[in-house]
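Reader: I like to know what stands behind each label before I use it. Could you take me through this model, term by term?

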Amino acid sequence: MLLLLLGIIVLHVAVLVLLFVSTIVSQWMVGNGHATDLWQNCSTSSLSNVQHCFTSSANEWLQSVQATMILSIIFSVLSLFLFFCQLFTLTKGGRFYITGVFQILAGLCVMSAASIYTVRHPEWHPNSENSYGFAYILAWVAFPLALLSGVIYVILRKRE
């Protein structure tokens with residue numbers, strides 16, 4: 001049982017790390033010395049290695065991506081906190097429903113953010129030479145892991 005709990009906690013922390021990295025790192029869109037994330041657009045000049053960064057546009061869709069990524073982090077942190085609280089207060093045989101629901105919400109939020117970014121980024125960067133960066137891919141990897149973690153929490157029963 002202890003090994004199972006450790007595995008669940010490691011999975012949850014891995015999801016949290018993926019969510020934090022994908023939200024913070026400036027690699028959602030890359031190409032030709034240009035990197036873009038949810039917060040800023042950075043470009044490297046061809047003459048020097050100086051990187052110039054500007055804040056991202058104020059598009060409504062980009063703000064919704066920012067908001068849903070932050071919500072996914074908040075839901076996942078809240079889920080981890082609730083898991084530890086329920087671990088010590090839940091009666092024997094009880095299920096971790098609240099923890100699972102918040103983790104599933106985190107997964108749905110990150111899926112919404114990545115989906116909106118996928119659909120709307122051509123309006124923002126019509127240049128076809130750009131490609132998706134690793135932070136964008138990490139967001140998509142965090143989605144099924146968060147859902148899996150949430151389902152595990154819902155199925156999990158507390159034992160003595």
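Author: Gladly; what follows sets the values of this model against the definitions of the terms.
This is a predicted model, in which local features need pLDDT of at least 70 and side-chain atom pairs count only at pLDDT 80 or more, while totals for chains, interfaces and linings use all residues. Residues are numbered from 1 along each chain as its sequence is written, and side-chain values use heavy atoms, with hydrogens and water left out.

Reader: What makes a stretch a helix or a strand here, and how many of each does the protein chain have?

Author: Both are DSSP runs, numbered from the N terminus: helices are H or I with at least four residues, strands are E with at least two. The protein chain has four helices and five strands, in the order α-β-β-β-β-α-α-β-α from the N terminus. Its C-alpha atoms fill a box of roughly 65 × 30 × 20 Å along the principal axes.

Reader: How do you know that the span of α1 is close to what is expected?

Author: The expected span is 1.5 Å times one less than the number of residues. Helix α1 has 23 residues and reaches 33 Å from its first C-alpha to its last, close to the expected 33 Å.

Reader: Why is Thr 23 called buried?

Author: Buried means under 20% relative accessible area, exposed over 50%, and partly exposed in between (1.4 Å probe, protein chains only). Thr 23 has 4%, so it is buried. Thr 23 sits in helix α1 (residues 2–24), whose buried residues also include Leu 5, His 12 and Ser 22. Counting contacts as heavy atoms within 4.5 Å, and setting aside residues up to four places away in sequence, Thr 23 touches Leu 38, Trp 39, Met 69 and Ile 73.

Reader: And what about Ser 149, buried or exposed?

Author: Ser 149 has a relative accessible area of 1%, so it counts as buried. This serine belongs to helix α4. Beyond its neighbours within four places in sequence, Ser 149 contacts Leu 11, His 12 and Gln 103.

Reader: Why is Cys 85 given another label?

Author: Cys 85 has 31% relative accessible area, so it is partly exposed. Cys 85 lies in helix α2. Helix α2 (residues 60–89) also holds Ile 70, which at 37% is partly exposed too.

Reader: What makes Ile 70 part of a nonpolar patch?

Author: Patch residues have over 30% relative accessible area and no salt bridge; like charges are joined within 9 Å, and nonpolar side chains (Val, Leu, Ile, Met, Phe, Trp, Tyr) within 5 Å. A salt bridge is a side-chain nitrogen of Lys or Arg within 4 Å of a carboxyl oxygen of Asp or Glu. Ile 70, at 37%, forms the patch with Trp 39, Leu 71 and Ile 74, about 330 Å² of accessible area together. Such areas come from the Shrake-Rupley method with a 1.4 Å probe; for residues, only the protein chains shown count as cover.

Reader: What is called a nonpolar core, and which residues have the most contacts inside the largest?

Author: A core is a set of buried Ala, Val, Leu, Ile, Met, Phe, Trp, Tyr and Cys residues joined through side-chain atoms within 4.5 Å. The largest has 20 residues, and among those with the most contacts inside it are Leu 19, Trp 28 and Tyr 117. The elements giving it two or more residues are α1, α2, α3 (97–124) and α4 (134–155), with the largest share, six residues, from α4. Another core, of nine residues, lies apart from it and includes Ile 8 and Phe 83.
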